[in-house]
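I sat down with this one to look up a handful of residues and see how the helices come together. Here are my notes, in the order I took them.

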Amino acid sequence: TELLCSAIRCLNSREYVAAAVLARSALELGTVFVDNSITLRTNLNVVINHLSANPDSVVLSEPLEHFSLRIMWGTRLGSPPKELIQTNVLGSIKRLSQNEQAKDLLITYEYLCEACHPNVVGNMNYFGGVIELNSDGSKTTLLNRFPDSPTSKALIEKSLWALSWSCNATRNAYTGTKSDLETLLGHFK
């Protein structure tokens, strides 16, 4: 919610590169939440299937324990224990991009990355057009503080797509995870 509100404020203030940075971050969070919810469902189904077959048993799941530790305490800083090494978000983005509903995920993510880093997309956002063709073949370009270029329009579109996708993905992952946990808790009544 914090990223979404800040990104919308930036879009409304015509701060498109800042909005792209926030939208990319929201996209990463939504992607990881969906990917984690799939992993959680897979691990919970193993536990649920075991409990269904053996209702009075105790179930220990090392993969579920390591997964839970990683999503809560995972990091890529320093030298954490193996089970706490956080994975790179690009792996999740590539996995989810294979789904038809997320086919534009990787393309949008890569475009937003271009804007976030000191690359051409972030720079072209401010290009206001060529104001002079020079005799040596070079061009003098107007730079605008408040951009209104094809690139700025693309940044708006990609940022809004990323924010929309991440909101829907987060809602769906939350709903699915809640349902999965309710199913698990149903075995303890």
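**Entry 1: N36.** I started with N36, which I found in helix α2. The model is a predicted one, so I keep that in mind throughout. Is N36 buried or exposed? Its relative accessibility is 15%, and the limit for buried is under 20%, so I noted N36 as buried. Then I asked which residues N36 touches beyond its sequence neighbours. Leaving out anything up to four places away, I listed F67, R70 and I71.

**Entry 2: I71.** One of those partners deserved its own look. I71 is in helix α3, which covers residues 62-73. I71 counts as partly exposed because its relative accessibility is 37%. I also checked a pair along the chain: I71 and I85 are 14 residues apart in sequence, and their C-alpha atoms are 9.6 Å from each other.

**Entry 3: D35.** Back to α2, where D35 also has its place; this helix runs over residues 16-53. What struck me was a charged residue with so little accessibility to report: D35 has 9% and therefore counts as buried. What does its side chain meet? I found a polar contact of 2.7 Å between the side chains of D35 and S92. Setting aside residues up to four places away in sequence, D35 touches S92, R95 and L96.

**Entry 4: α4 and α5.** Next I looked up how α4 meets α5. Two packed helices are described by the angle between their axes and the distance between the axes. For helix α4 (residues 89-97) and helix α5 (residues 105-116), the axes come within 8 Å and cross at roughly 145°. On the α4 side I wrote down V89, L90, I93, K94, L96 and S97, and on the α5 side L105, L106 and Y109. Sorted by class, this contact has 7 nonpolar residues, 1 polar and 1 charged.

**Entry 5: the largest nonpolar core.** Which members of the largest nonpolar core touch the most others? The core has 28 residues, and the answer is L27, L105, Y109, L112, L155, L163 and W165. I then checked where its members come from: α1 (2-12), α2, α4, α5 and α7 (150-185) each supply at least two residues. The most comes from α2, which gives 9 residues.

Y109 caught my eye, as it is on the list of α5 residues facing α4 and also on the core list. Not counting residues up to four places away in sequence, Y109 touches R24, L27, E28, V89, L90 and I93. Another core lies apart from the largest one; it has 8 residues, among them V47, I48, L51 and L184.

**Entry 6: L184 and E182.** I followed L184 from that other core. It is found in helix α7, and it counts as buried because its relative accessibility is 13%. Which residues is L184 in contact with, leaving aside neighbours within four places? They are L44, V47, I48 and L51. L184 and L51 are 133 residues apart along the chain, yet their C-alpha atoms are separated by 8.9 Å.

I looked at E182 too, which also has its place in helix α7. With 48% relative accessibility, E182 counts as partly exposed. Its C-alpha atom is 33 Å from that of S6, with the two positions 176 residues apart along the chain.

**Entry 7: R14.** A backbone check came next. Most residues other than glycine have a negative phi. R14, however, has a positive phi, near 65°. I placed R14 in the loop between α1 and α2, and it is partly exposed, with a relative accessible area of 34%.

**Entry 8: the whole chain.** I closed by stepping back. How many helices and strands are there? I counted 7 helices and 2 strands, in the order α-α-α-α-α-α-β-β-α along the sequence. The C-alpha trace spans about 85 × 35 × 30 Å along its principal axes. The radius of gyration is 22 Å, whereas a compact globule of 189 residues would have one near 16 Å. Of the 189 residues, 34% count as buried. Among contacts with a separation of 6 or more, 60% join residues 24 or more positions apart.

Note on methods. Residues are numbered from 1 along each chain as its sequence is written. This is a predicted model: local features need pLDDT of at least 70, side-chain atom pairs count only at pLDDT 80 or more; totals for chains, interfaces and linings use all residues. Side-chain values use heavy atoms; hydrogens and water are left out. Helices (H or I, at least four residues) and strands (E, at least two) are DSSP runs, numbered from the N terminus. Buried means under 20% relative accessible area, exposed over 50%, partly exposed in between (1.4 Å probe, protein chains only). A polar contact is a pair of N or O atoms within 3.5 Å; within protein, one must be able to donate a hydrogen and the other to accept it, and residues adjacent in sequence count only if both atoms are side-chain atoms. Contact means heavy atoms within 4.5 Å. Axes are lines fitted to C-alpha atoms, for helices over the stretch in contact, and angles run from 0 to 180 degrees between N-to-C directions. Ala, Val, Leu, Ile, Met, Phe, Trp, Tyr, Cys and Pro count as nonpolar, Asp, Glu, Lys and Arg as charged, and the others, Gly among them, as polar. A nonpolar core is a set of buried Ala, Val, Leu, Ile, Met, Phe, Trp, Tyr and Cys residues joined through side-chain atoms within 4.5 Å. The radius of gyration is taken over C-alpha atoms; the globule rule is 2.2 Å times the number of residues to the power 0.38.
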